Amino acid sequence: MTLAPCAIVFGYGGFGEAGLAAVERAGCRVARVFTHADAPDEDCWWRSMAARAAAVGVPVELDADLRAAAVQARIAAAAPAFLFSFFYRQLIPNAVLGLATRGAYNFHSSLLPRFRGRAPLNWQLVHGADAAGLTLHRMAIGADAGGIVAQQRVPIGPDDDAKALFDRLLDRLHPFLDDALAALRDGRAVETAQAHADATAFPGRRPGDGRIRWELPARRIHDLVR
């Protein structure tokens, strides 16, 4: 009997919960989950990754310092084949990425190399993009810059708001990850380098980014409100 590959899963929110479920469906043994504590002033309407992990007896670490030697030692002790990240809010240090014998992979909700960085779902709406994406890529030096192992285009309607796009992406995430993770597990995944010359990148959104500039064209204002 072949031993199921071990995985460490990082993530948060609805995409984190869905990603963890997909890793389980792929037949991986999840040794540990790293996620974030819910902010007390945030309306957490999404499904909890931490609750799902706890329900099946997987150890959970909240807001861990991934640079700490003790944390890295716990990850190394699990001897993970894979590391997976689904909307984890911190960059994972290279020292941690190197602990995965078969690779470390991140999910990103744009058609990379476009819209690298934080809050891609929101920035795509702000800039009037006609499509978002489901992208699974290898984690490397540089945020969202590693080779792509699976990608799928997801259309954005002209009046879609952030919740509508979130729901559409999440609905398509399950079959997308089932195929992509099975290919990684079985050694069938093909990695394609990103066209770095075509990359665009955006920072995390700040309160001031939501200020309406009334001198802009109506379409730009409409896209910001979305």
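**Arginine 226 and its polar contacts**

A polar contact is a pair of N or O atoms within 3.5 Å; within protein, one must be able to donate a hydrogen and the other to accept it, and residues adjacent in sequence count only if both atoms are side-chain atoms. In this predicted model, local features need pLDDT of at least 70, side-chain atom pairs count only at pLDDT 80 or more, and totals for chains, interfaces and linings use all residues. Residues are numbered from 1 along each chain as its sequence is written, and side-chain values use heavy atoms, with hydrogens and water left out.

The side chain of arginine 226 reaches the backbone oxygen of glycine 157 at 3.0 Å. A polar atom of that side chain also lies 3.0 Å from the backbone oxygen of aspartate 160.

**Surroundings of arginine 226**

Arginine 226 is buried (under 20% relative accessible area, 1.4 Å probe, protein chains only), with a value of 12%. Beyond its neighbours within four places in sequence, arginine 226 is in contact (heavy atoms within 4.5 Å) with residues including Leu125, Gly128, Ile156, Pro158 and Arg219.

**The second largest pocket**

Arginine 226 is also one of the residues that line the second largest pocket, together with Ala119, Asn122, Leu125, Val126, Ala162, Arg205, Asp223 and Leu224. A pocket is an open set of points on a 1 Å grid over the protein atoms alone, where a 1.4 Å probe fits, with protein on both sides within 12 Å along at least five of seven lines; lining residues have an atom within 4 Å of a point. The volume of this pocket is about 260 Å³.

Key
Buried < 20%, exposed > 50% of the residue type's maximum accessible area, 1.4 Å probe, protein only. Points joined across faces, edges and corners; volume = space filled by probe spheres on them.
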